[in-house]
Amino acid sequence: MQYAVFGSAMTLGGTLGAVFSGKIADLVGRRVVMGISEVFCIIGWLAIALSKDALWLDLGRFLVGCGSGVLVYVVPVYVVEITTKNIRGAFTSLTTVMICFGKALMFVIGSLINWRTSALIGAIPCVLQLLGVFFIPESPRWLAKTNRMKEFEAALQCLRGKSADISQESADITEYTEYLKQISDGGILNLFQRRYINPLIVGTGLMLLREFVGLNGFSFYTSVIFESAGFPSTVGSIAVAVLETLAATMGVLFIDKSGRRPLLLISAAGTCLACVITGLSFFLQDFHVGKDLTATLVLIGVLVFFVSFDLGLGGIPWIIVSETFPVNIKGSAGSLVNLINWTSSWVVAYTFIFLFEWNSAGTFFIFAIIGGAGTLFIAKLVPETKGRTLEEIQASMT
(Lines give C-alpha, C1' and ligand atoms only; values in the text may rest on other atoms or scores of the structure.)
Protein backbone atom coordinates (compact mmCIF):
# COMPACT_ATOMS: atom_id res chain seq x y z
CA MET A 1 0.00 0.00 0.00
CA GLN A 2 2.78 2.45 0.96
CA TYR A 3 4.55 1.68 -2.34
CA ALA A 4 1.35 2.47 -4.26
CA VAL A 5 0.85 5.72 -2.34
CA PHE A 6 4.44 6.83 -2.97
CA GLY A 7 4.16 5.88 -6.64
CA SER A 8 0.96 7.87 -7.09
CA ALA A 9 1.77 10.90 -4.88
CA MET A 10 3.22 12.81 -7.81
CA THR A 11 0.15 12.19 -9.95
CA LEU A 12 -2.10 13.38 -7.10
CA GLY A 13 -0.12 16.62 -7.02
CA GLY A 14 -0.30 16.81 -10.79
CA THR A 15 -4.07 16.48 -10.63
CA LEU A 16 -4.30 19.42 -8.22
CA GLY A 17 -1.99 21.49 -10.39
CA ALA A 18 -4.01 20.61 -13.47
CA VAL A 19 -7.22 22.00 -11.95
CA PHE A 20 -5.75 25.49 -11.82
CA SER A 21 -3.24 25.35 -14.69
CA GLY A 22 -5.27 26.83 -17.51
CA LYS A 23 -7.06 29.52 -15.55
CA ILE A 24 -3.92 30.73 -13.77
CA ALA A 25 -2.04 30.81 -17.09
CA ASP A 26 -4.85 32.95 -18.51
CA LEU A 27 -4.96 35.20 -15.46
CA VAL A 28 -1.28 36.06 -14.90
CA GLY A 29 0.40 34.92 -18.11
CA ARG A 30 2.52 31.99 -19.24
CA ARG A 31 5.86 33.26 -17.91
CA VAL A 32 4.67 33.94 -14.37
CA VAL A 33 2.96 30.55 -14.12
CA MET A 34 6.11 28.75 -15.24
CA GLY A 35 8.06 30.57 -12.55
CA ILE A 36 5.55 29.75 -9.80
CA SER A 37 5.48 26.10 -10.86
CA GLU A 38 9.25 25.85 -10.63
CA VAL A 39 9.11 27.14 -7.05
CA PHE A 40 6.79 24.24 -6.16
CA CYS A 41 9.17 21.79 -7.83
CA ILE A 42 12.21 23.20 -6.01
CA ILE A 43 10.47 22.94 -2.61
CA GLY A 44 9.35 19.40 -3.48
CA TRP A 45 12.87 18.24 -4.38
CA LEU A 46 14.26 19.79 -1.20
CA ALA A 47 11.58 18.05 0.88
CA ILE A 48 12.63 14.71 -0.64
CA ALA A 49 16.34 15.38 -0.15
CA LEU A 50 15.89 16.40 3.49
CA SER A 51 13.10 13.94 4.36
CA LYS A 52 13.11 12.14 7.70
CA ASP A 53 10.30 9.67 7.01
CA ALA A 54 7.89 8.43 4.34
CA LEU A 55 5.49 11.34 4.90
CA TRP A 56 8.10 13.87 3.76
CA LEU A 57 8.92 11.73 0.74
CA ASP A 58 5.25 11.61 -0.24
CA LEU A 59 4.89 15.37 0.39
CA GLY A 60 7.93 16.08 -1.76
CA ARG A 61 6.62 14.04 -4.66
CA PHE A 62 3.22 15.67 -4.24
CA LEU A 63 4.73 19.17 -4.51
CA VAL A 64 6.82 18.19 -7.54
CA GLY A 65 3.59 16.86 -9.01
CA CYS A 66 1.80 20.17 -8.36
CA GLY A 67 4.47 22.04 -10.28
CA SER A 68 4.68 19.46 -13.03
CA GLY A 69 0.90 19.41 -13.40
CA VAL A 70 1.00 23.04 -14.44
CA LEU A 71 4.24 22.89 -16.45
CA VAL A 72 3.13 19.95 -18.56
CA TYR A 73 0.31 22.15 -19.87
CA VAL A 74 1.71 25.68 -19.91
CA VAL A 75 5.10 24.91 -21.50
CA PRO A 76 3.62 23.43 -24.72
CA VAL A 77 1.05 26.26 -24.83
CA TYR A 78 3.80 28.85 -24.53
CA VAL A 79 6.01 27.24 -27.18
CA VAL A 80 3.08 26.78 -29.58
CA GLU A 81 2.04 30.42 -29.14
CA ILE A 82 5.49 31.90 -29.78
CA THR A 83 6.68 29.79 -32.74
CA THR A 84 5.86 29.99 -36.45
CA LYS A 85 3.86 27.28 -38.21
CA ASN A 86 6.80 25.65 -40.00
CA ILE A 87 8.80 24.92 -36.82
CA ARG A 88 6.03 24.80 -34.22
CA GLY A 89 5.85 21.01 -33.98
CA ALA A 90 9.60 20.45 -33.74
CA PHE A 91 10.14 23.12 -31.10
CA THR A 92 7.28 21.87 -28.94
CA SER A 93 8.48 18.27 -29.30
CA LEU A 94 11.86 19.29 -27.95
CA THR A 95 10.26 19.35 -24.49
CA THR A 96 9.71 15.59 -24.78
CA VAL A 97 13.33 15.10 -25.85
CA MET A 98 14.54 17.07 -22.85
CA ILE A 99 12.35 15.02 -20.51
CA CYS A 100 13.71 11.77 -21.97
CA PHE A 101 17.28 13.05 -21.83
CA GLY A 102 16.78 14.12 -18.22
CA LYS A 103 15.40 10.72 -17.27
CA ALA A 104 18.32 8.96 -18.95
CA LEU A 105 20.86 11.25 -17.32
CA MET A 106 19.34 10.89 -13.87
CA PHE A 107 19.22 7.12 -14.18
CA VAL A 108 22.97 7.04 -14.86
CA ILE A 109 23.75 9.57 -12.13
CA GLY A 110 21.32 7.90 -9.73
CA SER A 111 23.15 4.59 -10.06
CA LEU A 112 26.35 6.28 -8.85
CA ILE A 113 25.09 8.44 -5.97
CA ASN A 114 22.48 8.19 -3.20
CA TRP A 115 18.87 9.24 -3.65
CA ARG A 116 19.13 12.36 -1.50
CA THR A 117 21.87 13.77 -3.72
CA SER A 118 19.82 12.79 -6.76
CA ALA A 119 16.91 14.84 -5.41
CA LEU A 120 19.17 17.87 -4.95
CA ILE A 121 20.41 17.50 -8.52
CA GLY A 122 16.77 17.29 -9.64
CA ALA A 123 16.23 20.79 -8.27
CA ILE A 124 18.99 22.32 -10.45
CA PRO A 125 16.99 22.45 -13.74
CA CYS A 126 14.08 23.98 -11.80
CA VAL A 127 16.31 26.77 -10.51
CA LEU A 128 17.69 27.38 -14.00
CA GLN A 129 14.21 27.65 -15.52
CA LEU A 130 13.06 29.91 -12.67
CA LEU A 131 15.91 32.26 -13.54
CA GLY A 132 15.28 31.83 -17.26
CA VAL A 133 11.70 33.11 -17.20
CA PHE A 134 13.05 36.59 -16.43
CA PHE A 135 14.80 36.66 -19.82
CA ILE A 136 12.07 35.44 -22.19
CA PRO A 137 9.17 37.42 -23.71
CA GLU A 138 5.57 36.78 -22.76
CA SER A 139 3.32 34.97 -25.25
CA PRO A 140 2.16 37.53 -27.85
CA ARG A 141 -1.22 35.84 -28.17
CA TRP A 142 -1.83 36.09 -24.43
CA LEU A 143 -0.85 39.76 -24.51
CA ALA A 144 -3.27 40.36 -27.40
CA LYS A 145 -6.03 38.56 -25.50
CA THR A 146 -5.50 40.83 -22.48
CA ASN A 147 -5.45 44.02 -24.66
CA ARG A 148 -1.81 44.82 -23.94
CA MET A 149 -1.20 45.74 -27.57
CA LYS A 150 2.08 47.63 -27.23
CA GLU A 151 3.62 44.73 -25.32
CA PHE A 152 2.09 42.35 -27.87
CA GLU A 153 3.82 44.09 -30.76
CA ALA A 154 7.11 44.28 -28.85
CA ALA A 155 7.05 40.60 -27.88
CA LEU A 156 6.20 39.46 -31.41
CA GLN A 157 8.98 41.63 -32.88
CA CYS A 158 11.44 40.27 -30.32
CA LEU A 159 10.55 36.69 -31.23
CA ARG A 160 10.69 37.20 -35.00
CA GLY A 161 13.78 39.42 -35.03
CA LYS A 162 14.30 43.19 -35.15
CA SER A 163 14.33 43.33 -38.95
CA ALA A 164 11.38 40.97 -39.52
CA ASP A 165 8.10 42.23 -40.97
CA ILE A 166 5.42 41.23 -38.46
CA SER A 167 2.59 43.36 -39.86
CA GLN A 168 0.61 40.52 -41.45
CA GLU A 169 1.06 38.07 -38.55
CA SER A 170 0.20 40.80 -36.08
CA ALA A 171 -2.95 41.71 -38.00
CA ASP A 172 -4.05 38.05 -38.25
CA ILE A 173 -3.58 37.44 -34.53
CA THR A 174 -5.34 40.67 -33.57
CA GLU A 175 -8.27 40.09 -35.92
CA TYR A 176 -8.88 36.53 -34.75
CA THR A 177 -8.49 37.47 -31.08
CA GLU A 178 -11.06 40.26 -31.45
CA TYR A 179 -13.42 37.84 -33.18
CA LEU A 180 -13.11 35.34 -30.32
CA LYS A 181 -13.81 38.02 -27.71
CA GLN A 182 -17.21 38.61 -29.32
CA ILE A 183 -18.18 34.93 -29.12
CA SER A 184 -17.83 34.03 -25.46
CA ASP A 185 -16.04 34.89 -22.24
CA GLY A 186 -14.24 31.54 -22.05
CA GLY A 187 -16.08 30.24 -18.97
CA ILE A 188 -16.11 26.51 -18.25
CA LEU A 189 -19.71 26.09 -19.45
CA ASN A 190 -18.83 27.63 -22.80
CA LEU A 191 -16.61 24.63 -23.52
CA PHE A 192 -19.70 22.56 -24.17
CA GLN A 193 -21.06 24.75 -26.93
CA ARG A 194 -21.45 22.99 -30.24
CA ARG A 195 -18.61 24.93 -31.88
CA TYR A 196 -16.09 23.58 -29.37
CA ILE A 197 -17.17 19.93 -29.34
CA ASN A 198 -14.61 18.76 -31.92
CA PRO A 199 -11.48 20.12 -30.19
CA LEU A 200 -12.87 19.01 -26.81
CA ILE A 201 -13.40 15.42 -28.00
CA VAL A 202 -9.98 15.31 -29.63
CA GLY A 203 -8.21 16.80 -26.61
CA THR A 204 -9.87 14.64 -23.95
CA GLY A 205 -9.62 11.52 -26.11
CA LEU A 206 -5.87 11.91 -26.62
CA MET A 207 -5.28 12.55 -22.92
CA LEU A 208 -7.23 9.46 -21.90
CA LEU A 209 -5.40 7.37 -24.50
CA ARG A 210 -1.87 8.44 -23.53
CA GLU A 211 -2.48 7.46 -19.90
CA PHE A 212 -4.73 4.39 -20.12
CA VAL A 213 -2.46 2.72 -22.65
CA GLY A 214 -0.35 1.99 -19.56
CA LEU A 215 2.21 4.80 -19.38
CA ASN A 216 2.60 5.00 -15.61
CA GLY A 217 2.52 1.23 -15.28
CA PHE A 218 5.54 0.96 -17.55
CA SER A 219 7.23 4.13 -16.23
CA PHE A 220 6.85 3.79 -12.46
CA TYR A 221 7.21 0.02 -12.29
CA THR A 222 9.79 -0.72 -14.99
CA SER A 223 12.04 -2.53 -12.53
CA VAL A 224 9.14 -4.58 -11.13
CA ILE A 225 8.15 -5.69 -14.64
CA PHE A 226 11.70 -6.71 -15.55
CA GLU A 227 12.36 -8.50 -12.27
CA SER A 228 9.04 -10.37 -12.42
CA ALA A 229 10.03 -11.70 -15.83
CA GLY A 230 13.51 -12.66 -14.67
CA PHE A 231 15.36 -9.96 -16.61
CA PRO A 232 18.05 -7.75 -14.98
CA SER A 233 16.27 -4.49 -14.19
CA THR A 234 19.41 -2.34 -14.40
CA VAL A 235 20.24 -3.48 -17.93
CA GLY A 236 16.63 -3.07 -19.03
CA SER A 237 16.31 0.40 -17.53
CA ILE A 238 19.49 1.61 -19.24
CA ALA A 239 18.22 0.32 -22.58
CA VAL A 240 14.88 2.06 -22.01
CA ALA A 241 16.53 5.38 -21.13
CA VAL A 242 18.73 5.38 -24.24
CA LEU A 243 16.01 4.34 -26.68
CA GLU A 244 13.48 6.80 -25.23
CA THR A 245 15.78 9.70 -26.02
CA LEU A 246 16.44 8.43 -29.55
CA ALA A 247 12.72 7.93 -30.24
CA ALA A 248 11.81 11.40 -28.98
CA THR A 249 14.57 12.88 -31.14
CA MET A 250 13.16 11.08 -34.18
CA GLY A 251 9.78 12.60 -33.38
CA VAL A 252 11.29 16.10 -33.45
CA LEU A 253 12.89 15.43 -36.84
CA PHE A 254 9.72 14.12 -38.48
CA ILE A 255 6.81 15.96 -36.84
CA ASP A 256 6.87 18.97 -39.18
CA LYS A 257 7.58 16.79 -42.22
CA SER A 258 5.34 13.75 -41.86
CA GLY A 259 2.78 15.52 -39.68
CA ARG A 260 1.13 14.82 -36.33
CA ARG A 261 -1.37 12.15 -37.41
CA PRO A 262 1.08 9.62 -38.91
CA LEU A 263 3.30 9.75 -35.84
CA LEU A 264 0.30 9.39 -33.52
CA LEU A 265 -1.00 6.40 -35.50
CA ILE A 266 2.38 4.67 -35.44
CA SER A 267 2.75 5.48 -31.75
CA ALA A 268 -0.68 4.16 -30.71
CA ALA A 269 -0.35 1.01 -32.82
CA GLY A 270 3.15 0.45 -31.46
CA THR A 271 2.06 0.72 -27.83
CA CYS A 272 -0.76 -1.72 -28.58
CA LEU A 273 1.72 -4.22 -30.04
CA ALA A 274 4.10 -3.70 -27.12
CA CYS A 275 1.36 -4.47 -24.58
CA VAL A 276 0.42 -7.62 -26.50
CA ILE A 277 4.06 -8.78 -26.46
CA THR A 278 4.49 -8.00 -22.77
CA GLY A 279 1.18 -9.64 -21.88
CA LEU A 280 2.12 -12.71 -23.93
CA SER A 281 5.40 -13.06 -22.05
CA PHE A 282 3.64 -13.19 -18.68
CA PHE A 283 0.99 -15.49 -20.12
CA LEU A 284 3.75 -17.94 -21.09
CA GLN A 285 5.33 -17.50 -17.67
CA ASP A 286 2.08 -18.56 -16.01
CA PHE A 287 2.33 -21.83 -17.92
CA HIS A 288 6.06 -22.17 -17.14
CA VAL A 289 7.01 -22.00 -20.80
CA GLY A 290 10.60 -20.93 -21.58
CA LYS A 291 12.02 -18.71 -18.85
CA ASP A 292 14.56 -17.19 -21.26
CA LEU A 293 11.84 -16.57 -23.84
CA THR A 294 9.70 -14.80 -21.25
CA ALA A 295 12.53 -12.47 -20.24
CA THR A 296 13.35 -11.68 -23.87
CA LEU A 297 9.74 -10.94 -24.76
CA VAL A 298 9.37 -8.63 -21.76
CA LEU A 299 12.48 -6.70 -22.80
CA ILE A 300 11.19 -6.40 -26.37
CA GLY A 301 7.72 -5.39 -25.19
CA VAL A 302 8.93 -2.71 -22.78
CA LEU A 303 11.40 -1.26 -25.29
CA VAL A 304 8.80 -1.20 -28.07
CA PHE A 305 6.36 0.51 -25.71
CA PHE A 306 8.69 3.36 -24.75
CA VAL A 307 10.01 3.88 -28.28
CA SER A 308 6.47 3.96 -29.67
CA PHE A 309 5.12 6.17 -26.92
CA ASP A 310 7.87 8.79 -27.13
CA LEU A 311 7.62 8.89 -30.91
CA GLY A 312 4.09 10.31 -30.75
CA LEU A 313 1.86 9.93 -27.71
CA GLY A 314 4.51 11.35 -25.39
CA GLY A 315 4.32 14.93 -26.62
CA ILE A 316 2.02 15.31 -29.62
CA PRO A 317 -1.28 15.25 -27.64
CA TRP A 318 -0.10 18.36 -25.78
CA ILE A 319 0.79 20.00 -29.09
CA ILE A 320 -2.64 19.18 -30.56
CA VAL A 321 -4.40 20.55 -27.47
CA SER A 322 -2.33 23.75 -27.57
CA GLU A 323 -3.02 24.17 -31.30
CA THR A 324 -6.74 23.40 -31.48
CA PHE A 325 -8.27 25.30 -28.54
CA PRO A 326 -8.92 29.00 -29.33
CA VAL A 327 -7.29 31.49 -26.98
CA ASN A 328 -10.65 32.59 -25.51
CA ILE A 329 -11.32 29.12 -24.05
CA LYS A 330 -7.74 27.88 -23.75
CA GLY A 331 -7.66 28.46 -20.00
CA SER A 332 -10.82 26.51 -19.20
CA ALA A 333 -10.16 23.86 -21.84
CA GLY A 334 -6.55 23.48 -20.76
CA SER A 335 -7.52 22.97 -17.12
CA LEU A 336 -10.13 20.38 -18.13
CA VAL A 337 -7.94 18.24 -20.39
CA ASN A 338 -4.98 18.59 -18.04
CA LEU A 339 -7.17 17.45 -15.15
CA ILE A 340 -8.34 14.48 -17.20
CA ASN A 341 -4.73 13.63 -18.03
CA TRP A 342 -3.48 13.74 -14.45
CA THR A 343 -6.53 12.00 -13.00
CA SER A 344 -6.06 9.19 -15.51
CA SER A 345 -2.36 9.19 -14.69
CA TRP A 346 -3.11 8.76 -10.98
CA VAL A 347 -5.60 5.95 -11.64
CA VAL A 348 -3.02 3.97 -13.63
CA ALA A 349 -0.17 4.70 -11.20
CA TYR A 350 -2.21 3.68 -8.16
CA THR A 351 -3.96 0.62 -9.57
CA PHE A 352 -1.19 -0.88 -11.70
CA ILE A 353 0.62 -2.75 -8.93
CA PHE A 354 -2.66 -4.28 -7.71
CA LEU A 355 -3.69 -5.29 -11.24
CA PHE A 356 -0.23 -6.67 -11.92
CA GLU A 357 -0.35 -8.84 -8.80
CA TRP A 358 -3.88 -9.97 -9.70
CA ASN A 359 -3.12 -10.97 -13.30
CA SER A 360 0.12 -9.85 -14.94
CA ALA A 361 -0.79 -10.93 -18.46
CA GLY A 362 -4.36 -9.64 -18.23
CA THR A 363 -3.17 -6.19 -17.17
CA PHE A 364 -1.17 -5.72 -20.36
CA PHE A 365 -3.87 -7.20 -22.56
CA ILE A 366 -6.27 -4.55 -21.17
CA PHE A 367 -3.75 -1.86 -22.10
CA ALA A 368 -3.44 -3.42 -25.56
CA ILE A 369 -7.19 -3.21 -26.16
CA ILE A 370 -7.15 0.47 -25.19
CA GLY A 371 -4.21 1.07 -27.53
CA GLY A 372 -6.08 -0.57 -30.39
CA ALA A 373 -9.18 1.51 -29.74
CA GLY A 374 -7.01 4.62 -29.54
CA THR A 375 -5.51 3.90 -32.95
CA LEU A 376 -9.00 3.89 -34.45
CA PHE A 377 -9.87 7.09 -32.58
CA ILE A 378 -6.84 8.88 -34.04
CA ALA A 379 -7.56 7.61 -37.55
CA LYS A 380 -11.17 8.81 -37.45
CA LEU A 381 -11.17 12.03 -35.42
CA VAL A 382 -7.75 13.63 -34.94
CA PRO A 383 -7.01 16.35 -37.54
CA GLU A 384 -3.67 17.13 -39.16
CA THR A 385 -2.34 20.50 -38.00
CA LYS A 386 1.12 20.77 -39.55
CA GLY A 387 1.90 23.76 -41.74
CA ARG A 388 -1.11 25.81 -40.61
CA THR A 389 -1.30 28.86 -38.38
CA LEU A 390 -3.10 28.54 -35.06
CA GLU A 391 -5.84 30.82 -36.35
CA GLU A 392 -6.39 28.59 -39.42
CA ILE A 393 -6.50 25.41 -37.30
CA GLN A 394 -8.92 26.83 -34.75
CA ALA A 395 -11.22 28.36 -37.36
CA SER A 396 -11.51 24.98 -39.13
CA MET A 397 -12.47 23.16 -35.93
CA THR A 398 -14.90 25.61 -34.35
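In this predicted model, the lining of the second largest cavity comprises 4 nonpolar, 2 polar and 4 charged residues. The residues concerned are E81, R141, Y176, T177, L180, V327, K330, L390, E391 and Q394. Two or more of these lining residues come from each of α8 (167-183) and α18 (390-397). The space enclosed by the second largest cavity amounts to about 50 Å³. In total, 2 cavities of 30 Å³ or more were found.

The largest cavity has a volume of about 60 Å³. Its lining divides by class into 5 nonpolar, 5 polar and 1 charged residues. S93 and T96 belong to this lining, together with A248, G251, V252 and I255. The remaining lining residues of the largest cavity are D310, L311, G312, G315 and I316. At least two residues of the lining are supplied by each of α4, α12 (233-254) and α14 (291-313).

Two of these helices, α4 and α12, pack against each other with their axes 8 Å apart and at an angle of about 165°. That angle makes α4 roughly antiparallel to α12, and the crossing of the two helices is left-handed. On the α4 side, the contact is made by A90, S93, L94, T96, V97, C100, F101, K103, A104 and F107. These residues meet T234, S237, I238, A241, E244, T245, A248, T249 and V252 of α12. By class, the residues of the contact of α4 with α12 divide into 11 nonpolar, 6 polar and 2 charged. Residues S93 and T96 of α4 and A248 and V252 of α12 take part in this contact, and S93, T96, A248 and V252 are also among the residues that line the largest cavity.

Helix α4 (residues 88-110) also packs against helix α3 (residues 54-82), where the axes come within 9 Å and cross at roughly 155°. Because angles over 145 degrees count as roughly antiparallel, α3 and α4 are assigned to that class. The crossing of α3 and α4 is right-handed, whereas that of α4 and α12 is left-handed. In the contact of α3 with α4, V75, P76, V79 and V80 of α3 meet R88, F91, T92 and T95 of α4. The contact residues comprise 5 nonpolar, 2 polar and 1 charged.

Of the α4 residues that meet α3, R88 is also part of the lining of the second largest pocket. This pocket has a volume of about 150 Å³. Along with R88, the pocket is lined by T83, T84, K85, R141, E169, D172, I173, T389, L390 and E391. The elements giving two or more residues to the lining of the pocket are α8 and α18, and α8 gives the most, with 3 residues. The lining of the second largest pocket has 2 nonpolar, 3 polar and 6 charged residues. R141, L390 and E391 line this pocket, and R141, L390 and E391 likewise appear in the lining of the second largest cavity.

Helix α18 is also in contact with helix α15 (residues 316-324). The axes of α15 and α18 come within 8 Å and cross at roughly 80°, and the two helices are therefore roughly perpendicular to each other. From α15, S322, E323 and T324 meet L390, I393, Q394 and M397 of α18. The residues of this contact divide into 3 nonpolar, 3 polar and 1 charged. Among the α18 residues that meet α15 are L390 and Q394, and both L390 and Q394 are found in the lining of the second largest cavity.

As regards backbone conformation, N147 has a positive phi of about 65°, although N147 is not a glycine. N147 is found in the loop between α6 (140-145) and α7 (149-160).

How values were computed. Residues numbered from 1 in each chain as written. Predicted model: local features only at pLDDT ≥ 70, side-chain atom pairs only at ≥ 80, totals over all residues. Heavy atoms only, no water. Axes fitted to C-alpha atoms, helices over the stretch in contact; angles between N-to-C directions. Helix = DSSP H or I, 4+ residues; strand = E, 2+ residues; numbered from the N terminus. Parallel < 35°, antiparallel > 145°, perpendicular 65-115°, else oblique. Left-handed = near helix turned anticlockwise from the far one by under 90°. Contact = heavy atoms within 4.5 Å. Nonpolar A, V, L, I, M, F, W, Y, C, P; charged D, E, K, R; others polar. 1 Å grid on protein atoms, 1.4 Å probe; cavity = no way out; pocket = protein on both sides within 12 Å on 5 of 7 lines; lining within 4 Å. Points joined across faces, edges and corners; volume = space filled by probe spheres on them.
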